[in-house]
Amino acid sequence: MPPHASRRTLLTAAAMVAVTAAGAASAALGTHSTPDDPRSPEGPPGRRPDRARLARFVDRMSLDEKVGQLFVSRAYGHSATAPDPADAEQNQTLFGVRTAAELVSRYHLGGIVYFSWAHNTRTPHQIAALSVGLQQAALTSGARIPLLLSTDQEHGAVARIGAPATLLPGAMALGAGGSTADALRAARIAGAELAALGIRQDYAPVADVNVNPANPVIGVRSFGSDPQAVAALVAAQVRGYQGAGVAATAKHFPGHGDTETDSHVGLPVMRHTRAVWEELDEPPFRAAVKAGVDAVMTAHIVFPALDPSGDPATLSRPIVTGILRERLGFQGVVVTDALDMAGVRQKYGDDRVPVLALLAGCDQLLNPPDLGLAYRSVLAAVEAGELTEARIDESVLRILELKSRRGLFDEAYTTAEAVDATVGIRRHRDAADEIAAVTTTLLANPRGLVPIDATSGPRLLVTGTDPASPTGTTGPPTAVLARELTALGCRATAVPPARAVAAAAGHAAVLVCTYNVPEEDNPQRRLVTDLIASGVPVILLAVRNPYDPARLPACAAELATYSWTDVEMRAAARVLTGAVRPAGRLPVPVPGRYPLGHGLTL
């Protein structure tokens, strides 16, 4: 390949080189059918795996190959075979190889998870080329089984892939919109774009019911606090993702919505009784299972009412097997939350965690901190008789069934043409704006300040918190909001908080973006208080958790956007100026201020 070859040329060439291997894998497993069509309203349910043939294939695999299928690891670099030097060094230090392709071959991996911080997700064509290169490595080594490439693309507050891919409203925004049709549509678009990038498993939707305003890790990642509403939206998103050919993953079982500790840094404890769990936390997971969800992700939380042992749910046989498998009847793939998180590492060492997860009933072992140690530990447990090879076979068979159901044995590769035809296309971006338009919630408008009459060109000052973009490709939100308001006819200027009070005079209103305001005295509260004292009307926009108004002085108008990404800032600007009527309803109560379902119309 000449040195000046384009990314498109390299991608197409790599896919053509690998097509023979893909055909061999398909022939070996006998899975032939037509691809899912992401343009259909829900898409087909997926291919029907030939379980008996898959089981015979598992019988022919070596133990090393079987154990490798259980692991989904990170790998550093934008390319499967030619990472940047720093990423190659990182791979060498952590894994003993320099490239992601070598990592796949060495450990016979079942999957790779993409992260922006691992430099996997720079541009759509780069991601697709990485996917092709990784699949080529898998299909030309070991058992020649395609990878299940995955990522966390929840949208809203958590996303690994940024613009120019389409960025959609997140879960709580969809909860405010209240439309299962919009939730399905959003997931279908998200799934179609992931599939075009070669990513066939998304760690979404979040099925946690967020009933704790102090929850530090779920919050707006949840659809809301009403278990039945959450259940309906979760089921819709499962159908949307899987109709687009991408495995959905309901998380975090048995429910992470009422915790006050982030399991990334500690071990949360859920204090719900069994009866409360059945009423509050169970319904969304039951709905996901009924909708045919391909995978369920476990939570690194202790849930004494479900298992008094003190083990996190990921390592709990009573929870994973007794409740998820036996009570809910889930027969798909159980994937652990990331095994490098503190919540699963406090009680047991990194050598024991993967073994205990398998004994509990998990199938996929996600991102262990030391892949080599984890891999050797599982092999040693089989050799010592703690784990039987038959138990390993059960998980491998479930994983291969998922891969077959999603068509990977037929269509492991993507193309440049698929990227261009699907990722970030105008139709998808317009749909994102349409879905977002009904999510902004007008909480208070006592002075009738909203809608702002944009026809007179009012001077507006925009200030407040500018949190970093989840993907690094959008924002900052105050600048985006000012730009969108100006495009609608206002004269809006964004200034940092330090200059806002001095600059407020002479403006028709000051718009303040707040982000997870704490209960104690803090700079955001002082800013809002000082701006109100200036005499200029203050419009509050809570751009993440909608609980902020309860922790601030009452403003001339108050809105909740549920995310600070561009699509939600555009929607807020349209509501503020009357271009669209506010339609969002609070999917959670704001204690002391607003009840569940509150939202004003104009």
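**Exercise 1: Finding Leu-359**

Say where Leu-359 sits in this predicted model, and work out whether Leu-359 is buried, partly exposed or exposed.

*Solution.*
- Step 1: Look for the helix. Leu-359 belongs to α12, which covers residues 353–360.
- Step 2: Check the accessibility. The relative accessible area of Leu-359 is 30%. Buried means under 20% and exposed means over 50%, so Leu-359 comes out as partly exposed.
- Step 3: Look for its contacts. Leaving out residues up to four places away in sequence, Leu-359 touches Arg-317, Glu-386 and Leu-387.
- Step 4: Try a C-alpha distance. Thr-321 is 38 residues away from Leu-359 along the chain, yet their C-alpha atoms are separated by 9.3 Å.

**Exercise 2: How α12 meets α13**

Describe how helices α12 and α13 are arranged, and sort the residues of their contact by type.

*Solution.*
- Step 1: Know what to look for. Two packed helices are described by the angle between their axes and the distance between the axes.
- Step 2: Get both values. The axes of α12 and α13 (residues 371–384) cross at roughly 55° and come within 8 Å.
- Step 3: Name the arrangement. That crossing makes α12 oblique to α13.
- Step 4: List who meets whom. From α12 you have Pro-354, Val-355 and Leu-358, and from α13 they meet Ala-374, Ser-377, Val-378 and Ala-381.
- Step 5: Sort them. You should get six nonpolar residues, one polar and no charged.

**Exercise 3: Rings around Phe-253**

Work out what kind of aromatic pair Phe-253 forms with Trp-277, and then do it again for Phe-253 with Phe-285.

*Solution.*
- Step 1: Get an overview. The structure has seven aromatic pairs.
- Step 2: Take Phe-253 and Trp-277. Their ring centres are 6.4 Å apart and the planes stand at 85°, so this pair is edge-to-face. The cut-off you need here is an angle over 60 degrees.
- Step 3: Place these two in the chain. Phe-253 lies in strand β5 (residues 249–253) and Trp-277 in helix α10 (residues 274–290), so to speak two distant parts of the chain, 24 residues apart, linked by the pair.
- Step 4: Check burial. Phe-253 has 1% relative accessibility, so Phe-253 counts as buried. Trp-277 is buried too, at 0%.
- Step 5: Now take Phe-253 and Phe-285. With 5.1 Å from centre to centre and 90° between the planes, this pair is edge-to-face. Phe-285 is in α10, 32 residues from Phe-253, and Phe-285 is buried with a relative accessible area of 1%.

**Exercise 4: Reading a sheet**

Find which strands stand at the edges of the six-stranded open sheet, and see which helices lie across its strands.

*Solution.*
- Step 1: Write down the order. The sheet reads β9-β14-β13-β12-β10-β11, and its pairing is mixed.
- Step 2: Pick the edges. β9 (441–444) and β11 (491–494) each have a single partner strand, so one side of each has no neighbour in the sheet.
- Step 3: Add the twist. From one strand to the next, the twist averages 25°.
- Step 4: Zoom in on one pairing. β10 (residues 459–464) and β11 pair in the parallel sense over four bridges. Val-462 has Ala-494 in β11 as its bridge partner.
- Step 5: Add the helices. α19 (residues 523–533) lies across β10, β12 and β13, at about 170° to β12. α20 (residues 566–576) lies across β12, β13 and β14, at about 145° to β13.

Notes: Residues are numbered from 1 along each chain as its sequence is written. This is a predicted model: local features need pLDDT of at least 70, side-chain atom pairs count only at pLDDT 80 or more; totals for chains, interfaces and linings use all residues. Side-chain values use heavy atoms; hydrogens and water are left out. Buried means under 20% relative accessible area, exposed over 50%, partly exposed in between (1.4 Å probe, protein chains only). Contact means heavy atoms within 4.5 Å. Axes are lines fitted to C-alpha atoms, for helices over the stretch in contact, and angles run from 0 to 180 degrees between N-to-C directions. Angles under 35 degrees count as roughly parallel, over 145 as roughly antiparallel, 65 to 115 as roughly perpendicular and the rest as oblique. Ala, Val, Leu, Ile, Met, Phe, Trp, Tyr, Cys and Pro count as nonpolar, Asp, Glu, Lys and Arg as charged, and the others, Gly among them, as polar. Rings of Phe, Tyr and Trp (its six-membered ring) pair if their centres lie within 6.5 Å; planes under 30 degrees apart count as stacked, over 60 as edge-to-face and the rest as tilted. Two strands pair if DSSP finds at least two bridges between them.
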